[in-house]
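Hello,

Here is the structure I promised to pass on. Please open it alongside the notes below.

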Amino acid sequence: MSQTHTVAEGDRLKKDTSAGVTAWAGKVLSLARGLHARPELSFEETASAAAITELLAEGGLTVEHGTGGLPTAFTATAGSGELTVALCVEYDALPEVGHACGHNLIAGASVAAALALAPYADELGITLKAIGTPAEEHGGGKTLMLEAGAFDGVGLALMVHPVQDGVSYNPAGTTAQAVGRYRAVFTGRAAHAAAAPHQGVNAADGATIAQVAIGLLRQQIPGDHRVALFVSEAGVATNIIPERAVVDFECRAFTLPEYESLLARVRRCFEGAAMASGTEVTIEATEPLYEPLVQDDALAGYWTAAMESFGRDTTSGGRLGGGSTDMGNISQVIPSLHPWLSIPGAEVPIHSHGFAAVADTDAAYELMLEAARALAWTVVDAAGDPEQRARFVEAAFHRDIRRAG
């Protein structure tokens, strides 16, 4: 049954959900601070997932653990309306720098919004799902869950992402890069480095030549393309010619055709290095491809209106120069919103110790709760707009249908 509401009803629901965020603020803050204090890496977020689902269950949502076959994934559901809304929850951290991408804030915003919306899900005519998506930093949890059916039936998906100061609160037209991650393995032949070095084939030479070639390539690629790498293995002892060297690398670009072109050029650097060094090289993907991010215009409009009402500057501009997310894969098949939360005073880049500290400040948590209200209001507007609601219902993702199409 189609279900929309009047402007007055929408205003009342916004007031009620805002009050809901306030009511749950203390417990959500405790959750977010706890996540920050106990960072867990991709696919290892056992304590984080447990803490989040415990709070969602306390709020009356029905929790399913291990969604999509991933032990640290979950789905918490409220309501049974025809329009299915997904609030994505991220909670994995980075090696060594912890929550330097602010996933504790991402989790807090989505959880607070879910708790505030849950009592009104049936009135809104929605099935509300808070979907716990592990391994965003490395592993592509959302991609794996999408392929496993965790997003089947979802008509719109939302989440937020904290960034440094100076990035616009208006997400319209913003995007994120496609990224693919790979491992190149050079194979040579071991020999004594003093007695018979001429009988060896140095795999580390292949890795070195590849790095030089890629370094030279960088001057010939567009300024918004990215190539990053590190040598994870290149020998075991000084008196042994290395027979194996391993280079982990990634390529990024804002469109898939550009990404594919960049990857082909980088692969040739590795292949040429193998030829020059007399080694052999194999290249294999280590993670699912993250696709470019697409912001839904209507959802961006609802979000921007909410942030304007909170007094935030939503002037377009001040966009990120790079970065990737597996939310891009969701946005390619489901209308999605992934706005940027510019933390006031945060002058340090994300993925740094400095940003990890910023993500645990009062200013960041205040913004997190504000974002939760804006997410809730976006859902209220989306559910109450007859034209957009019909579009979102029609857009409901079904992997088998999409594959057949």
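**The sheet and its helices**

Start with helix α7, residues 256–277. It lies across β7, β8, β9 and β10. Its direction is at about 160° to β9. Keep in mind throughout that this is a predicted model.

The sheet under discussion is open and has four strands. Their order is β8-β9-β7-β10, and the pairing is antiparallel. Strands β8 (226–233) and β10 (280–285) stand at the edges. Each of these two has a single partner strand, so one side of each is left without a neighbour in the sheet. From one strand to the next, the twist averages 20°.

Now the pairings. β7 (residues 178–187) and β9 (residues 244–253) run antiparallel to each other, over 10 bridges. Two positions help to fix the register. Y182 stands opposite F249 in β9. R183 has D248 in β9 as its bridge partner. On the other pairing, β8 and β9 are joined over seven bridges, again in the antiparallel sense. There, E233 has V246 of β9 as its bridge partner.

How many residues of β9 are buried? Nine of the 10 are, so β9 is largely enclosed by the rest of the structure.

**The helix pair**

Next, look at α6 (residues 203–217) against α7. Their axes come within 8 Å and cross at roughly 140°. An angle over 145 degrees would count as roughly antiparallel. The two helices are therefore oblique to each other. The crossing is right-handed. By class, the contact has 10 nonpolar, two polar and two charged residues.

The residues that meet are these:

- From α6: D205, G206, I209, A210, A213, I214 and L217.
- From α7: R265, V266, C269, F270, A273, A276 and S277.

**Three buried positions**

I also looked at three single residues. For each, the contacts listed leave out neighbours up to four places away in sequence.

A76 lies in strand β2, residues 74–78. Its relative accessible area is 0%, and A76 is buried. The contacts of A76 are L56, L61, T62, V63, L128, K129 and A130. A86 is 10 residues from A76 in sequence. The C-alpha atoms of A76 and A86 are 9.7 Å apart in space.

T127 lies in strand β4, residues 126–132. Is T127 buried or exposed? Its relative accessibility is 12%, and buried means under 20%, so T127 counts as buried. T127 touches T77, A78, G79, S80, G81, L83, T84 and V85.

G155 has its place in a loop, between α5 (141–148) and β5 (156–158). G155 counts as buried, at 0% relative accessibility. What does G155 contact? Its partners are L83, T84, I334, P335, F392, A395 and A396. L83 and T84 also appear among the contacts of T127. For a distance across the chain, take G155 and E45, which are 110 residues apart. Their C-alpha atoms are separated by 27 Å.

**Where to look**

Begin at β9, with β7 paired to it over 10 bridges and β8 over seven. Then turn to α7, which lies across the four strands β7, β8, β9 and β10. Follow α7 to its contact with α6, where I209 and F270 are among the residues that meet. Finish with A76 in β2, T127 in β4 and G155 in its loop.

Best wishes

Technical notes:
Residues are numbered from 1 along each chain as its sequence is written. This is a predicted model: local features need pLDDT of at least 70, side-chain atom pairs count only at pLDDT 80 or more; totals for chains, interfaces and linings use all residues. Side-chain values use heavy atoms; hydrogens and water are left out. Two strands pair if DSSP finds at least two bridges between them. Axes are lines fitted to C-alpha atoms, for helices over the stretch in contact, and angles run from 0 to 180 degrees between N-to-C directions. Contact means heavy atoms within 4.5 Å. Angles under 35 degrees count as roughly parallel, over 145 as roughly antiparallel, 65 to 115 as roughly perpendicular and the rest as oblique. A crossing is left-handed if the near helix is turned anticlockwise from the far one by less than a right angle, and right-handed if clockwise. Ala, Val, Leu, Ile, Met, Phe, Trp, Tyr, Cys and Pro count as nonpolar, Asp, Glu, Lys and Arg as charged, and the others, Gly among them, as polar. Buried means under 20% relative accessible area, exposed over 50%, partly exposed in between (1.4 Å probe, protein chains only).
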